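Subject: A structure for you to look at

Hello,

Here is the structure I promised to pass on. Please open it beside this email, and I will walk you through what turned up in it.

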Amino acid sequence: MMKRQKKIAIYGKGGIGKSTTVANIAAAYSEDNKKVIVIGCDPKADTTRTLCGKRIPTIVNTLKTNKKPELDDLIFEGFNNIKCVESGGPEPGVGCAGRGVIVAMKRLENLNAFDEEFDVTLYDVLGDVVCGGFSVPLREDYADEVFIVSSGEYMSLYAANNISRGVKKLKGNLGGIICNCKGLDDEEEIVSKFAEAIGTKVIGVIGRSNLIQRSELDAKTVVEYAPESEESEAYRILANDIFNNDEYSTPEPMDDEDFEKFFKSFI
């Protein structure tokens, strides 16, 4: 029987909790003795902070002083032997943020980083998929499937709808929406109806929690910080459901007018 390997890109609006989601499900996979690599494709370069206990050097910054880096200069080991990478990007206002993703992925490819067989490869990608850099995991076939993190907030769902447009254009496989709750009224219903409207499903729900925030202040995932907590179990369930998911769709995003009508129906 062929070993199951997952190459997953997780998109979402900036600040919606992509990095928290990616780091915690990576930690959950590592508990299950899965071989995991996490590749941060956000110029903030903070995806792997809670896995490594600190910020790690980015590929873009490393290349400024080391023109011929080895893999050990770019890939770092975090919690439970999870491999961690940050693409990085230019200083704000200086250049295209997505360019760092292109540079990083090509450098990793040239160093044969993808020859190693991982059970799970996770890409944490900023939601601006119109940018060539941020579309790289899908466009260049580094990732096989996409999940979108969203809350029930207007701008979060608006971004999720736009991301689904990019997924459709790139002929990506959308596995579902991860509902990262902000504590709004009827939030799970709103996100579920949105998922249905674009032709997908909610793959999992993470409730709003101060414990998750406290763990991040300690530069840890909640899976490491409070392994017996309900929050950790929620991430384990989400990780398992993503790993075992075999149902994908090409999304059918709403146009802006239909999205406005959809959201106003909940007000």
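How many of the residues of strand 2 are buried, and what does that say about how the strand is enclosed by the rest of the structure? Before the answer, please keep in mind that this is a predicted model.

For strand 2, 6 of the 6 residues are buried, so the strand is largely enclosed by the rest of the structure. You can check this on both of its faces: Val 36, Val 38 and Gly 40 are buried on one side, and Ile 37, Ile 39 and Cys 41 are buried on the other.

The neighbours of strand 2 are worth a look too. Strand 2 covers residues 36-41 and pairs with strand 4 (residues 83-86) in the parallel sense, over 4 bridges. Within that pairing, Val 38 stands opposite Cys 84, and Gly 40 has Glu 86 as its bridge partner. Strand 2 also pairs with strand 5, again in the parallel sense, over 6 bridges. There, Cys 41 stands opposite Val 125.

Now for the whole sheet. It is an open sheet of 8 strands with mixed pairing, in the order 3-4-2-5-1-6-7-8. Its edge strands are strand 3 (76-77) and strand 8 (202-206), each of which pairs on one side only.

Two helices that pack on this sheet are good landmarks. Helix 7 (residues 154-169) touches strand 1 (6-12), strand 6 (145-150) and strand 7 (174-180), and its direction makes about 165 degrees with that of strand 6. Helix 11 (residues 230-243) touches strands 1, 5, 6, 7 and 8; its direction makes about 170 degrees with that of strand 8.

On to the aromatic rings. The count comes to 11 aromatic pairs. In one of them, Tyr 154 and Tyr 158 are stacked, at 6.1 Å centre to centre with 15 degrees between the planes. Both tyrosines lie in helix 7, 4 residues apart, which is about one turn of the helix. Tyr 154 counts as partly exposed at 26% relative accessibility, and Tyr 158 is partly exposed as well, with a relative accessible area of 23%.

Another pair joins Phe 194 and Phe 262: their ring centres are 6.2 Å apart and their planes stand at 55 degrees, so this pair is tilted. Phe 194 lies in helix 8 (residues 187-197) and Phe 262 in helix 12 (residues 256-264), so the pair ties together parts that are 68 residues apart in sequence. Phe 194 is buried, at 0% relative accessibility, and Phe 262 is buried with a relative accessible area of 12%. Both pairs belong to one aromatic cluster, formed by Tyr 154, Tyr 158, Phe 194, Phe 259, Phe 262, Phe 263 and Phe 266.

One last ring to find is that of Phe 243. Arg 4 lies over its face, at 5.9 Å from the ring centre, and Lys 34 also lies over the face of Phe 243, at 4.5 Å from the ring centre.

Enjoy exploring, and do write back with any questions.

Best wishes

Technical notes. Residues numbered from 1 in each chain as written. Predicted model: local features only at pLDDT ≥ 70, side-chain atom pairs only at ≥ 80, totals over all residues. Heavy atoms only, no water. Pairing = 2+ DSSP bridges. Contact = heavy atoms within 4.5 Å. Axes fitted to C-alpha atoms, helices over the stretch in contact; angles between N-to-C directions. Phe/Tyr/Trp six-rings, centres within 6.5 Å; stacked < 30°, edge-to-face > 60°. Buried < 20%, exposed > 50% of the residue type's maximum accessible area, 1.4 Å probe, protein only. Lys NZ or Arg CZ within 6 Å of the ring centre and 35° of its normal.
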